Amino acid sequence: MKKLDNLYEINEVELKHSFYDACSDKEFREYVTNLDIKEDILMKYTSSLEESFLEYKNCKKCPSLDKCKNKVKGYTYTALEDKGIIEFSYVRCRKQEIVDLENAYKENLEIFEMPKNIKNANFKDIYTDDKNRVPIIKYFKEFIDEYLKENNPKGLYLTGSFGSGKTYLIAALFNEMAKKKVKSALVYYPEFLRSLKASFNSDYSVKFDYIKKSPLLLLDDIGAENCSNWSRDEILGPILQYRMENNLPTFFTSNLTLEELEKSFAITSSGVDKVKARRIIERIKQLTKTLELISKNRRN
Ligand code: ADP
Ligand code: MG
């Protein structure tokens with residue numbers, strides 16, 4: 001036991017030594033004094049305290065969040081006292097708090113098989129150099145107005161050339177609506193069908209229901225999928241039917257015109273069924289106004 005006591009003593013001397021050593025830095029001394037924790041506790045944590053002091057200093061000099069020098073961006077490694085024990089944890093900084101608050105509306109947007117950055121599409125960034133966008137922007141303004149008045153406005157069937165900005169435009173509208181607390185789902189339709197099929201034994205009906213009932217819905221790139229009887233009659237048909245009956249605005253983007261889409265829906269690997277294809281197109285027509293966006297390809 002004697003030996004063990006000795007070890008503790010040596011250890012304590014060392015702890016004291018390294019703590020007072022660190023305290024020779026006036027700023028560090030001030031920092032730990034401000035924590036209002038007893039010295040004999042503080043000295044057990046010198047290296048962690050030094051680390052949190054470094055982050056505290058980074059924060060004091062921080063010009064903006066993108067220049068954050070801390071280990072975890074937007075967070076400060078902080079010493080917190082609880083009943084005589086110090087705990088260190090990453091605490092969100094004020095600048096990060098503001099950004100999070102500003103971005104909270106994005107929670108209203110759910111994306112399925114789409115790149116995350118689509119949530120950054122912004123009304124203010126819509127190119128205005130392109131006259132072809134004017135009718136679409138005009139439609140958006142009317143849509144927002146009518147939706148907020150609960151007048152059940154129609155969605156949009158936006159057809160046009162590849163890379164012209166169709167997806168971006170609708171995403172920007174949904175972002176704007178998200179700021180007004182309206183929830184929406186952006187779905188990359190061809191990939192969504194694949195993932196839905198793959199989730200047959202798991203969350204299939206949850207996903208399907210979510211899309212069906214989302215207050216605003218974008219089915220992006222419709223017509224680019226491999227159409228089957230299943231996708232046409234079991235998925236798309238019921239989604240559109242439900243949304244018609246419940247006045248839920250539904251948006252589509254496609255490289256195909258409605259006539260071309262009808263042809264693509266008529267032919268599946270199981271044969272030709274013009275009536276079923278017609279029925280789908282009728283539902284889309286009921287749900288939407290058609291606009292075209294022909295523009296240069298903005299993809300690089
Ligand atoms: P489409 O759906 O018509 O094929 P996208 O919406 O994907 O085209 O747009 C093509 C590219 O151009 C994307 O990378 C998109 O982010 C960008 N883009 C389109 N419109 C804008 C805009 N108004 N502001 C910034 N980027 C845009
Ligand atoms: Mg697109």
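Here's a quick look at the domains of this predicted model and at where its ligand sits.

Start with the overall layout. An automatic or database assignment splits the chain in two: domain 1 covers 2–92, and domain 2 covers 105–293. Going by C-alpha atoms, the centres of domain 1 and domain 2 are 53 Å apart.

Now for the ligand. Ligand 1 occupies the space of the largest pocket. Around ligand 1 there are 13 residues, and the closest include G163, K166 and T167, along with Y168 and R299. Sorted by class, that shell has 4 charged, 4 nonpolar and 5 polar residues.

Some polar contacts to oxygen atoms of ligand 1 are worth a look:

| Residue | Protein atom | Distance to an oxygen atom of ligand 1 |
|---|---|---|
| S164 | backbone N or O | 3.2 Å |
| K166 | side-chain N or O | 2.8 Å |
| T167 | polar side-chain atom | 2.7 Å |

How much of ligand 1 does the protein bury? Taken alone, ligand 1 exposes 550 Å², and the protein buries 78% of that.

K166 and T167 turn up twice here: both are among the closest residues to ligand 1, and each has a side-chain contact with an oxygen atom of ligand 1. For S164, the contact comes from a backbone atom.

How values were computed: Residues are numbered from 1 along each chain as its sequence is written. Chains are lettered from A and ligands numbered from 1 in the order in which they are written. This is a predicted model: local features need pLDDT of at least 70, side-chain atom pairs count only at pLDDT 80 or more; totals for chains, interfaces and linings use all residues. Side-chain values use heavy atoms; hydrogens and water are left out. A residue is near a molecule or strand if one of its heavy atoms lies within 4 Å of it. A polar contact is a pair of N or O atoms within 3.5 Å; within protein, one must be able to donate a hydrogen and the other to accept it, and residues adjacent in sequence count only if both atoms are side-chain atoms. Accessible areas come from the Shrake-Rupley method with a 1.4 Å probe; for residues, only the protein chains shown count as cover. On a 1 Å grid over the protein atoms alone, a cavity is a set of points where a 1.4 Å probe fits but cannot get out, and a pocket is an open set with protein on both sides within 12 Å along at least five of seven lines; lining residues have an atom within 4 Å of a point. A molecule sits in a cavity or pocket if more than half of its atoms lie within 2 Å of its grid points. Ala, Val, Leu, Ile, Met, Phe, Trp, Tyr, Cys and Pro count as nonpolar, Asp, Glu, Lys and Arg as charged, and the others, Gly among them, as polar.
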